[in-house]
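Please look at how the chains are arranged and where the parts touch.

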2 protein chains.
Amino acid sequence: MLKTLLISDLTPKEEIDRRIEELKKHMASHHVSFSIILQNVDLFYFTGTIQKGVLVIPLEGEPLFFVEKSLNRAAIETPLEIIPVKSDRDIKNILIEKHILKGKGGMELDVVPVLVYERWKTLLTFENIVDISKLIKEVRLVKSEFEIQQIKKSGDIIAKVFDKAKEVIQEGMREVDIAAFLESEGRIQGHQGFLRMRGLNQEMMNVYITHGYSATITSAGDVPISGVGVTHAIAQGPSVNRVQRGIPLLIDYGGGYNGYITDETRTFVVGEMNDTFKKAYEIARDIVDDATTNGCEGMNGTELYNRALRLVKKARLEDFFMGHGEGKVSFIGHGLGLEINELPVITPRHSIILKEGMVFAFEPKFIFPGEGAVGIEVDYIVRPGRLERVTDTPIDVFYI
Amino acid sequence: MLKTLLISDLTPKEEIDRRIEELKKHMASHHVSFSIILQNVDLFYFTGTIQKGVLVIPLEGEPLFFVEKSLNRAAIETPLEIIPVKSDRDIKNILIEKHILKGKGGMELDVVPVLVYERWKTLLTFENIVDISKLIKEVRLVKSEFEIQQIKKSGDIIAKVFDKAKEVIQEGMREVDIAAFLESEGRIQGHQGFLRMRGLNQEMMNVYITHGYSATITSAGDVPISGVGVTHAIAQGPSVNRVQRGIPLLIDYGGGYNGYITDETRTFVVGEMNDTFKKAYEIARDIVDDATTNGCEGMNGTELYNRALRLVKKARLEDFFMGHGEGKVSFIGHGLGLEINELPVITPRHSIILKEGMVFAFEPKFIFPGEGAVGIEVDYIVRPGRLERVTDTPIDVFYI
């Protein structure tokens, strides 16, 4: 019965096996003898379930998937063999018995808190543990066709939410009211509920609605536009700001299906936009068109950024590109997958050659202090000779 | 203009000063010379803003609040003086200049990841750092009247959402569709957007709708009922399960206002419940009535748990109380505040004397394997001589 209630596909065994083999290759080249996976997203990636457990991957031999609870649910969801345990102590005993604890161990030290790390070192009486988060990120960077299918289904939710937005937006509505409608629509269309962002203090919503002034306010996050929120305790997302004629309204929506996140933005306006906004919007569209036409496997991410920047400079819009003042960010794109801040980052700061199967959001946006913002965000799958769009939703302004 | 968009109150200066003084008292008794606060919720608690920054509290002298961005927003929100910085290196230089780095330092090692901790130790060339998360939790445990006001406004959102639920629920609807309506209603009524849970892998939604079978499925979380979700990648929350006549439907909703979380559950049913559910529901109500009448400041949390357990045993419902089998949890209540897993925990496992200003959710629930669940969750503020309910919403079954 449990299976009949789940609307998304379980991860096939070949997927799990391949992912673990990939990680082992990275472990071998970094001389890591065993990895201990504790974070729930990595656990889901490598086991197919997010139940309470610990995955130990020795460089040699089979992975050991220890599950505390729910055993029933984990057994349905993972193709791996399950070792039921009551506590960490049981895990320790089995690891000692199987002579796993030798050489150099690896843990996800980018997310595992110090107290958890110290507890494991004490429990295992094993000190030589290094960070493997970079290795895991490398494995997760290139998506399989199974993953791309999930990402496309995640994109389908975005497309439906943008369709709904066209019906919902009206002059005088508050950003939060529009967000409430769209949040609801996404859920009805199969959205998983929330999205994940890796790291300390990384928080996000499913729907960002920003309009005029509220789109220009800088937040704590490393994002070009995040909104004001309804409270300084959250300080991001839609606010009580009301829709005015002629002012662009941005909807930045994150799809979520079977764990996979998509992230697109469209600009909506009641009436007509002024020339400043119009011109900036044309450049944003030119940048997306250029990436769609000319981007491809083998291109460097820095080149994709620099092509965009050339268009921006030609239009003399550099001061407003990707934020202004303290709010300016240094990237135009970010990787997507089970978390919204995956690799690759499309920035002039880091060289990365695009490979088939990488998936990223690409978001040329212009922010005009005090006035408002315009922009587009689309998601791309890197293919040989091209970048494939995740959704078919047009990138024009939606006039209401 | 930013202020006019925020619907919640800024934290008064006296609040911030008192909180910092309280932490200093705890630091003194644990011989901690300075604390470095990095986690956003603790930052919000001690500064009044959640902008990107670091708060250093020396045992002697004024707190140093370093802000990277947004400087504008932080300046509006915090009563503390701001020290603008471009990077961690600036912070290091100021800490050295002011001779802060001496004795024993403190960090939130329950949440700070290993790599972040290592980076700070290297940056400061300072090794002697201990965990202060327990001290911070102690300070945050007792709520001020200002905080209780915020909690009551958070509870007002719950009350409105339960009112809406009575209108919305119909036979044949999916749990996710009901959740979509209520998520939306909460947002319209001022909900902040999401809720926070402290620690690695701690995730939650605003709305849990569970009905019959879906209420009986165990999850990874340390909660009695969490639902099935729509995907094994999230594995909690409402599912596509449809409302059937006579089967209890539980709505567990988390209010969120100005950062403060409330958390209540009500049971709804279309038609009539069978005698098993009815009897269990009566016991749940007796437990809440008993706590409301007899709970008070000075009582031990273990006593509150044991009073409930006596009623459960008398009704021979022990096997179903707070879960069944691997899903059974060991508590009947948990603290509320800026995070949903605060102190006090109401459990036979830990002795804690209730003090005025403590706030906790109290949730007698019964889970019948394969059949369904019933229960109630109310929030209490500890007062002299009584427990004060946060909301006025009746605790009877809502018959549709």
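The report below takes up the symmetry, then the interface, then the domains.

This is a predicted model, in which a turn of 180° with a shift of 0.0 Å along the axis lays chain A on chain B with an RMSD of 0.0 Å. That is the relation of a two-fold axis. Among the residues of chain A, A:P113 comes closest to this rotation axis, its C-alpha lying at 2.0 Å.

Across the interface, 69 residues of chain A are in contact with 69 residues of chain B. On the side of chain A that touches chain B, at least two residues each are supplied by α1 (2-5), α3 (40-47), α4 (71-77), α6 (114-124) and α9 (175-188) of chain A, and α9(A) gives the most, with nine residues. Because 100% of the interface residues of chain A are also interface residues in chain B, the copies meet through the same surface.

Within the chain, the division is into domain 1 (2-139) and domain 2 (142-399) of chain A, whose C-alpha centres lie 33 Å apart. The contact between these domains takes 11 residues from domain 1 of chain A and 13 residues from domain 2 of chain A; on the side of domain 1 that touches domain 2, the largest share, three residues, comes from α3(A).

The table sets out the residue classes for the two sides.

| Side | Nonpolar | Polar | Charged |
|---|---|---|---|
| Side of chain A that touches chain B | 35 residues | 23 residues | 11 residues |
| Side of domain 1 of chain A that touches domain 2 of chain A | six residues | one residue | four residues |

Technical notes:
Residues numbered from 1 in each chain as written. Chains lettered and ligands numbered in written order. Predicted model: local features only at pLDDT ≥ 70, side-chain atom pairs only at ≥ 80, totals over all residues. Contact = placed C-beta atoms within 7 Å. Helix = DSSP H or I, 4+ residues; strand = E, 2+ residues; numbered from the N terminus. Nonpolar A, V, L, I, M, F, W, Y, C, P; charged D, E, K, R; others polar. Domains from an automatic or database assignment. Least-squares fit on C-alpha atoms with pLDDT ≥ 70 in both.
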